[in-house]
Amino acid sequence: MILDKTVFAPTTHAQMTAVKIIHERAFERSFEAELVESLLFDKRATLDMAAIIDGQIVGHALLTALDGQDGALALAPLAVDPDWRDFLIGTELVRRLIDDAKDQGWKSIFVLGDPVYYGRFGFSSELADCVDCVFQCRELQALELEEGALANVSGPLIYPPQFSAEP
């Protein structure tokens with residue numbers, strides 16, 4: 001099984017070019033690659049993870065601290081090289097990042113994406129309805145890492161300015 005041969009680990013500065021290439025190949029544009037680089041070199045807290053097979057990065061995902069809500073992270077972007085999409089690499093990246101965020105004491109994760117894909121991890125658009133966000137829509141979803149973390153939450157959820165630079 002491919003996942004048995006995959007190493008999942010935070011990226012290093014030396015791997016940034018490979019990480020950017022994965023995002024460019026996955027999204028067929030440069031915005032996400034530039035977003036990852038900008039967020040990783042920002043002073044804001046991030047958790048990132050690469051999927052590596054035979055020394056080659058084939059996937060990458062990033063969690064970034066959000067403002068306005070205590071202990072909230074954004075999951076974005078998530079990219080898997082198109083040649084490796086059918087091997088559950090993205091699924092494993094998300095699962096491992098969720099586990100890492102829980103272990104580090106984060107309270108919630110927000111994602112803007114396909115409700116069917118992210119719903120299988122427990123993300124819900126209803127949980128995200130409690131916040132006021134520039135990206136508010138059906139695709140904005142939340143996951144509680146701590147039971148009841150979003151139960152009494154209201155107010156702004158502010159993504160880093162790099163997200164608003166999208167063309």
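Buried means under 20% relative accessible area, exposed means over 50%, and partly exposed lies in between. Keep these cut-offs at hand. The model is predicted.

**Exercise 1. Residues with positive phi**

Task: Is Leu88 buried, exposed or partly exposed? What is its phi? Then treat Asp54 in the same way.

Solution:
- Step 1. Place the residue. Leu88 lies in the loop between β4 and α3.
- Step 2. Apply the cut-offs. Leu88 has 47% relative accessibility, so it counts as partly exposed.
- Step 3. Read the backbone. Phi of Leu88 is near 65°, which is positive, and the residue is not a glycine.
- Step 4. Compare with the rule. Most residues other than glycine have a negative phi.
- Step 5. Turn to Asp54. Asp54 sits in the loop between β2 and β3. Its phi is positive too, about 50°, and Asp54 is not a glycine. With a relative accessible area of 77%, Asp54 is exposed.

**Exercise 2. A cis peptide bond**

Task: Which two residues does a cis peptide bond join? In which strand is Pro77 found?

Solution:
- Step 1. Start from the general case. Most peptide bonds are trans.
- Step 2. Find the cis bond. Ala76 and Pro77 are joined by a cis peptide bond, with omega about -10°.
- Step 3. Locate the proline. Pro77 belongs to strand β4.

**Exercise 3. The buried side of a helix**

Task: Which residues of helix α2 are buried? What do they pack against?

Solution:
- Step 1. Mark the helix. α2 covers residues 31–40.
- Step 2. List its buried residues. They are Phe31, Glu32, Ala33, Leu35, Val36 and Leu39.
- Step 3. Recall helix geometry. An α-helix has 3.6 residues a turn, so residues three or four places apart point the same way.
- Step 4. Find the partners. The buried residues of α2 pack against one helix, α1 (16–27), and against the strands β2 (46–53), β3 (56–65) and β4 (72–80).

**Exercise 4. The largest pocket**

Task: How much space lies in the largest pocket? Which element supplies the largest share of its lining?

Solution:
- Step 1. Take the volume. The largest pocket holds about 620 Å³ of space.
- Step 2. Look at the centre. The lining has 28 residues, and the closest to the centre are Phe27, Pro77, Leu78, Leu112 and Tyr118.
- Step 3. Sort the lining by element. At least two residues come from each of α1, α2, β4, α3 (89–103), β5 (108–112) and α4 (115–119). The largest share, six residues, comes from β4.
- Step 4. Sort the lining by class. There are 19 nonpolar, three polar and six charged residues.

**Exercise 5. Two cysteines**

Task: Why do Cys133 and Cys137 not form a disulfide?

Solution:
- Step 1. Count the disulfides. The whole structure has zero.
- Step 2. Check the distance. The cysteine sulfur closest to that of Cys133 is in Cys137, 8.5 Å away, which is too far for a bond. A disulfide needs the sulfur atoms within 2.5 Å.
- Step 3. Check the surroundings. Cys133 counts as buried, at 6% relative accessibility. Cys137 is partly exposed, with a relative accessible area of 33%.

**Exercise 6. Aromatic rings**

Task: How many aromatic pairs are there? Is the pair of Tyr117 and Tyr118 stacked or edge-to-face?

Solution:
- Step 1. Count. There are seven aromatic pairs.
- Step 2. Classify one pair. The rings of Tyr117 and Tyr118 are 4.9 Å apart, centre to centre, with 85° between the planes, and the pair is edge-to-face. The cut-off for that label is over 60 degrees.
- Step 3. Add burial. Tyr117 is partly exposed at 21%, whereas Tyr118 is buried at 10%.
- Step 4. Classify another pair. Tyr118 and Phe121 are 6.4 Å apart, centre to centre, with 45° between the planes, and this pair is tilted. Both residues are buried.
- Step 5. Join the rings. Tyr117, Tyr118, Phe121 and Phe123 form one aromatic cluster.

**Exercise 7. Far in sequence**

Task: How many residues apart in sequence are Leu66 and Ile158?

Solution:
- Step 1. Place Leu66. It lies in the loop between β3 and β4, and at 6% relative accessibility it counts as buried.
- Step 2. Compare sequence and space. Leu66 and Ile158 are 92 residues apart in sequence, yet 5.8 Å apart in space, C-alpha to C-alpha.
- Step 3. Check contacts. Beyond its neighbours within four places in sequence, Leu66 touches residues including Arg44, Phe110, Ile158 and Pro160.

Conventions:
Residues numbered from 1 in each chain as written. Predicted model: local features only at pLDDT ≥ 70, side-chain atom pairs only at ≥ 80, totals over all residues. Heavy atoms only, no water. Buried < 20%, exposed > 50% of the residue type's maximum accessible area, 1.4 Å probe, protein only. Helix = DSSP H or I, 4+ residues; strand = E, 2+ residues; numbered from the N terminus. Contact = heavy atoms within 4.5 Å. 1 Å grid on protein atoms, 1.4 Å probe; cavity = no way out; pocket = protein on both sides within 12 Å on 5 of 7 lines; lining within 4 Å. Points joined across faces, edges and corners; volume = space filled by probe spheres on them. Nonpolar A, V, L, I, M, F, W, Y, C, P; charged D, E, K, R; others polar. Phe/Tyr/Trp six-rings, centres within 6.5 Å; stacked < 30°, edge-to-face > 60°.
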